[in-house]
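Q: Could we go through this model together? I would like to begin with how its chains meet.

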Amino acid sequence: MVDVLIAIAYGILVAISVSVIGSLIDFFENRSIFGEDIPDTLEGTHSDEYTLTEIDKEYIEASREMIISSLGSEPVQTILTMNAEERIHAVKKLVEDLAALYELDGIQVTLFYDENTRILGSYRPDSNEIILNVVSLMTTHPALVSDFLDTICHELRHAVQWKMIVQESQEDYRWCNDIEHQKQIAYGLKNYIPFQRNPRAYRAQFVEMDAYEIAAYILEGLS
Amino acid sequence: MKDLIRLTLNYFRLKKYLMEDLDYTEHQAIRTISDIRKMDPSIRRAFILWFTKGEEPKDKLCGVNFQNLMNYRNLNPVAAFLAIDWYREDPMQAFSVLGTGTKDSGMELVQGMEKELDQILQRLDVKKEPETEDTRDIT
């Protein structure tokens, strides 16, 4: 059973009109940081260092099917046609369905809205909780809505990673990769490097590379 | 003339700063200094100037506004220099992460989970890899 909490007053959320954002660049203050000559996209490139296992491929395919069954083959466009309340309902349902697919029993999902924080999402293994900032979801910008879906896939992958290593037996969990994969996750968590201390090393460490790459594969071509 | 002056930074001084002032773990400090060594020379020079003389990059560094990067991404100065070097070398990949916000502050395990994680490492028979440490001055 997935427990989805909406951590702000529901009435307030529904009252939030969908923001009109001129540009992705302006939204995240990117112009003032990186100047004018920057891409208006958030799509990263796949890393050559990451190799998908057969279980990963199955995981990606099952996830894509789940998203398509929930939101159609153009999930971002589908969300963009919805009002704020419908978006929250759709996302809540999608997270519940994906968590069920990944057998993440008891996971708690908290949604919040904060324009001032740059925390888009996180997974806390101590409380088995996913926290998602819906600010990107509440926009009219396709790249931001897409990035929100990416954050869902990314944080759920961290929950799956944690479940992979706390399982006593590999056979107990359908999405568990081989022992070497489990070792890489456990070692990576022990030596975790946060974004705020070294952004490049954060992105390159195994637990993050795995979450970024898997999320990107899941959403590839789903506009 | 200024560019001709050779700047050096003592490894242990920087490691101490990272661990004591910025609360990095030893692993994070060693990895970060290793990444600083690999920086583009112009960025590394700006980093050493900042660290030794407190001179922050004026205007932009490799096209990136150092101060705004710290302010809007909540990065400490060391992380900001590393981010600029990453953006210079791989703008698409770096922008996909630096262009938005953070996903995963919670994956930094809370202290109470250390014991549980150690038990998992033991069960999975994960050997602690020896940390290779290059203690030469940074130039």
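A: A definition comes first: contact means heavy atoms within 4.5 Å. Please also keep in mind that this is a predicted model.

Q: Understood. How many residues does each chain bring to the contact?
A: Chain B contributes 58 residues, and chain A contributes 58 residues.

Q: And how much area do chain B and chain A bury between them?
A: About 5,600 Å² is buried between the two chains, with 60% of it on carbon and sulfur atoms.

Q: Which residues of chain B lose the most area to chain A?
A: They are B:Phe95, B:Lys103 and B:Met107, which together account for 15% of what the chain B side buries.

Q: Turning to charges, how many salt bridges are there between chain B and chain A?
A: The count is four salt bridges. One of them pairs A:Arg200 with B:Asp85, and the closest N and O atoms of that pair are 3.8 Å apart.

Q: What about polar contacts across the interface?
A: There are 17 residue pairs in polar contact between chain B and chain A, counting pairs with both residues at pLDDT 80 or more.

Q: Which elements of chain B supply the side that touches chain A?
A: At least two residues each come from α2 (26-37), β2 (64-65), α4 (66-73), α5 (77-89), α6 (91-98), β3 (102-103) and α7 (114-123) of chain B. By residue class, that side of chain B divides into 24 nonpolar, 17 polar and 17 charged.

Q: Back to B:Lys103 for a moment. What stands opposite B:Lys103?
A: A:Gly121 does, with B:Lys103 lying in β3(B). Strand β3 (residues 119-124) of chain A is joined to β3(B) by two bridges, and these strands run parallel.

Q: New topic: how many aromatic pairs does the structure hold?
A: Over all chains there are 16 aromatic pairs.

Q: Why is the pair of A:Phe34 and B:Phe95 edge-to-face?
A: The ring planes stand at 80°, so the pair is edge-to-face, and the ring centres are 5.6 Å apart. A:Phe34 belongs to helix α3 (residues 30-34) of chain A and B:Phe95 to helix α6 of chain B, so this pair joins two chains. B:Phe95 is also among the residues of chain B that lose the most area to chain A.

Q: Finally, what is the secondary structure of chain B?
A: Chain B has seven helices and three strands, in the order α-α-α-β-β-α-α-α-β-α along the sequence. Taken along the principal axes, the C-alpha atoms of chain B fill a box of roughly 60 × 35 × 25 Å.

Technical notes
Residues numbered from 1 in each chain as written. Chains lettered and ligands numbered in written order. Predicted model: local features only at pLDDT ≥ 70, side-chain atom pairs only at ≥ 80, totals over all residues. Heavy atoms only, no water. Buried area = accessible area lost by both parts, 1.4 Å probe. Salt bridge = Lys/Arg side-chain N within 4 Å of Asp/Glu carboxyl O. Polar contact = N/O pair within 3.5 Å; in protein donor to acceptor, adjacent residues only side chain to side chain. Helix = DSSP H or I, 4+ residues; strand = E, 2+ residues; numbered from the N terminus. Nonpolar A, V, L, I, M, F, W, Y, C, P; charged D, E, K, R; others polar. Pairing = 2+ DSSP bridges. Phe/Tyr/Trp six-rings, centres within 6.5 Å; stacked < 30°, edge-to-face > 60°.
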